[in-house]
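Please open the model in a viewer and keep the sequence panel at hand. The tour below proposes one selection after another and describes what each one shows.

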Amino acid sequence: MSRHSEKAREALMDAAEELFAVHGIDGVSNRRITEHAGTANHSAVKYHFGTRDDLLNALIRRAITEVSGFRAGLPVSEDLDGGLREVVTHRVLPWIYYLSDQPAPYCRAQFLYQVRGYPGLSHIGTELLSGDELQADLVGCTRAELEGIPASVIRARAGILGYMTLGICAEFERQVADGAREATWDELGYFLVDAIVGMVAAPSTAKSDFLDFGDPPFG
């Protein structure tokens, strides 16, 4: 792929991400994406990506790749054996770094929130936003801290994290865009780590499993 073609593709992805975040996936045409990206070629989305699902797939894969890069830069103890807080930090903070690593207006959390709630994208979201690794980390690496809490409860709590964290990040983005708060992403990240650690480690008093919330998006 030529440098010009790569830049055009990235511009289309950035434009689509922003428009999908604000107007919803069904509310944005390919023509509007090309115009927002500053190109007069209204067939550019089809040329570079193919179908709408292919474009969404490319956006999510870009997110996963960039998050993985941020995660690789985090200092961790061998096999994530530093305890519950380290496991949660290792999973959550790279997503916060990814969400904040863009010029204003922020839109990435809102885009991912749209993807998670869009029925037609379940085949994409399930594959790319899987929380299996987080669940395995919580169940397998922190048993001493989670003694007495059934593995099924830990998995269910990990599922809640997907809805909770994306929702909070999406609302945070909207407030920043509206000028209601400063873009203090680091503070948000550590607030979420504290909240998640407390929730995961809370005593379990339920008599049976409550709900299966599915996979969280922080795999």
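**First stop: a salt bridge between H1 and H4**

Select arginine 62, a buried residue with a relative accessible area of 10%. The model is a predicted one. Add glutamate 10 to the selection: its side chain meets that of arginine 62 in a salt bridge, at 2.8 Å from N to O. The pair links distant parts of the chain, with glutamate 10 in helix H1 and arginine 62 in helix H4, 52 residues apart. Glutamate 10, at 32% relative accessibility, counts as partly exposed.

Now extend the selection to Asp14, Glu17 and Arg108. Together with Glu10 and Arg62, these residues are joined into one network by salt bridges that share partners. A search of the whole structure finds seven salt bridges.

**The fold as a whole**

Switch to a cartoon view before continuing. The protein has 10 helices and zero strands, and the pattern along the sequence reads α-α-α-α-α-α-α-α-α-α. Of its 219 residues, 42% count as buried. Among contacts with a separation of 6 or more, 73% are between residues 24 or more positions apart. A surface representation would display an accessible area of about 11100 Å², of which carbon and sulfur atoms hold 52%.

**Arginine 108 and helix H6**

Return to the network and centre on arginine 108, which lies in helix H6, residues 108-116. Is arginine 108 buried or exposed? Its relative accessibility is 7%, so arginine 108 counts as buried, the limit being under 20%. The side chain of arginine 108 reaches the backbone oxygen of tyrosine 98 at 2.9 Å. Residues touched by arginine 108, beyond those up to four places away in sequence, include Glu17, Glu66, Asp101 and Glu173.

Next, select the buried residues of H6: Arg108, Ala109, Gln110, Phe111, Leu112 and Val115. Their cover includes H1, helix H4 (52-72), H5 and helix H9 (151-177).

**Aromatic pairs**

Show the aromatic side chains; the count comes to five aromatic pairs. Phenylalanine 20 and phenylalanine 111 form a stacked pair, with 6.3 Å from centre to centre and 20 degrees between the planes. Phenylalanine 20 belongs to helix H1 (residues 3-23) and phenylalanine 111 to helix H6, so this pair ties together parts that are 91 residues apart in sequence. Both phenylalanine 20 and phenylalanine 111 are buried.

Move on to tryptophan 95 and tyrosine 98, an edge-to-face pair with 6.3 Å between centres and 90 degrees between planes. These two residues are three apart in helix H5 (residues 84-100), and about one helical turn separates them. Tryptophan 95 is buried at 2% relative accessibility, and tyrosine 98 is buried at 1%. Then select Tyr106, Phe172 and Trp185, which ring pairs link into a cluster.

**The loop between H5 and H6**

Select alanine 104 and proline 105, which are joined by a cis peptide bond with omega at about 5 degrees. Proline 105 lies in the loop between H5 and H6. For context, most peptide bonds are trans.

Two cysteines may be displayed at this point. Cysteine 107 is buried at 5% relative accessibility, and cysteine 169 is buried at 0%. How many disulfides does the model contain? The count comes to zero.

**Partly exposed salt bridges**

Select arginine 85 and aspartate 194, whose closest N and O atoms are 2.7 Å apart in a salt bridge. Arginine 85 is in helix H5 and aspartate 194 in helix H10, so far along the chain that 109 residues separate these linked parts. Arginine 85 is partly exposed at 42%, and aspartate 194 is partly exposed at 43%.

For a bridge inside one helix, select glutamate 35 and arginine 31, with closest N and O atoms 3.3 Å apart. Both residues lie in helix H2 (residues 30-36), four residues apart, about one turn of the helix. Their relative accessibilities are 43% for glutamate 35 and 47% for arginine 31, and each of the two counts as partly exposed.

**Last stop: alanine 201**

Finish at alanine 201, in helix H10 (residues 185-201). Alanine 201 is partly exposed, with a relative accessible area of 34%. Its C-alpha atom is separated by 5.8 Å from that of leucine 146, 55 residues away along the chain. Apart from residues up to four places away in sequence, alanine 201 touches Leu84, Leu146, Ile149 and Arg157.

Key: Residues are numbered from 1 along each chain as its sequence is written. This is a predicted model: local features need pLDDT of at least 70, side-chain atom pairs count only at pLDDT 80 or more; totals for chains, interfaces and linings use all residues. Side-chain values use heavy atoms; hydrogens and water are left out. A disulfide is a pair of cysteine sulfur atoms within 2.5 Å. Buried means under 20% relative accessible area, exposed over 50%, partly exposed in between (1.4 Å probe, protein chains only). A polar contact is a pair of N or O atoms within 3.5 Å; within protein, one must be able to donate a hydrogen and the other to accept it, and residues adjacent in sequence count only if both atoms are side-chain atoms. Contact means heavy atoms within 4.5 Å. Rings of Phe, Tyr and Trp (its six-membered ring) pair if their centres lie within 6.5 Å; planes under 30 degrees apart count as stacked, over 60 as edge-to-face and the rest as tilted. Accessible areas come from the Shrake-Rupley method with a 1.4 Å probe; for residues, only the protein chains shown count as cover. A salt bridge is a side-chain nitrogen of Lys or Arg within 4 Å of a carboxyl oxygen of Asp or Glu.
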